[in-house]
Amino acid sequence: MSKSVITITVKLFAAYQEAYGVSELIWDFPDGTIVKSVCDRLITEHPELTQWSQITRFGVNLQFVEADTILQNGDEVVLIPPVNGG
């Protein structure tokens, strides 16, 4: 039995937005994907973002969440790296 797919919106800020040159991505993931997997995929596609992986905060639907939060279809994910000035 194949796993279903969820579609999420990824909002990009700061270093992430600079790397991609856009403010938003629409990505598909397998059902059951955790929010950290979004960050992992960003870093796989843009290895220069590795420096931010351990200090990025995650938001889903305008709420801060832990890295192991399971995503739902239609979620809006925000990755918040530190900004200049702390």
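Select Asp40: at 33% relative accessibility, this residue counts as partly exposed. Keep in mind that you are looking at a predicted model.

Now add Lys36. Its side chain meets that of Asp40 in a salt bridge, at 2.7 Å from N to O. Lys36 is partly exposed too, at 27% relative accessibility. Show the cartoon next. Both residues sit in helix H2 (residues 35-45), four residues apart, so about one helical turn separates Asp40 and Lys36.

Why look for such pairs? Side chains of opposite charge can pair when their charged atoms come close. The structure holds four salt bridges.

Leave the helix and select Lys11. Which residues are linked with Lys11 in a network of salt bridges? Select Glu24 and Glu76 to see them: these two and Lys11 make up the network.

Take Glu24 first. The side chains of Lys11 and Glu24 form a salt bridge, 2.5 Å from N to O. This pair links distant parts of the chain: Lys11 belongs to strand E1 (residues 5-11), Glu24 to strand E2 (residues 24-30), and they are 13 residues apart.

Move on to Glu76. Between Glu76 and Lys11, the closest N and O atoms of the salt bridge are 4.0 Å apart. Again, distant parts of the chain are linked: Glu76 lies in strand E5 (residues 76-80), Lys11 in strand E1, 65 residues apart.

Finally, turn on the surface. Are the members of this network buried or partly exposed? Lys11 is partly exposed, with a relative accessible area of 22%. Glu76 is partly exposed at 26%. Glu24 is also partly exposed, at 37% relative accessibility.

Terms used: Residues numbered from 1 in each chain as written. Predicted model: local features only at pLDDT ≥ 70, side-chain atom pairs only at ≥ 80, totals over all residues. Heavy atoms only, no water. Helix = DSSP H or I, 4+ residues; strand = E, 2+ residues; numbered from the N terminus. Buried < 20%, exposed > 50% of the residue type's maximum accessible area, 1.4 Å probe, protein only.
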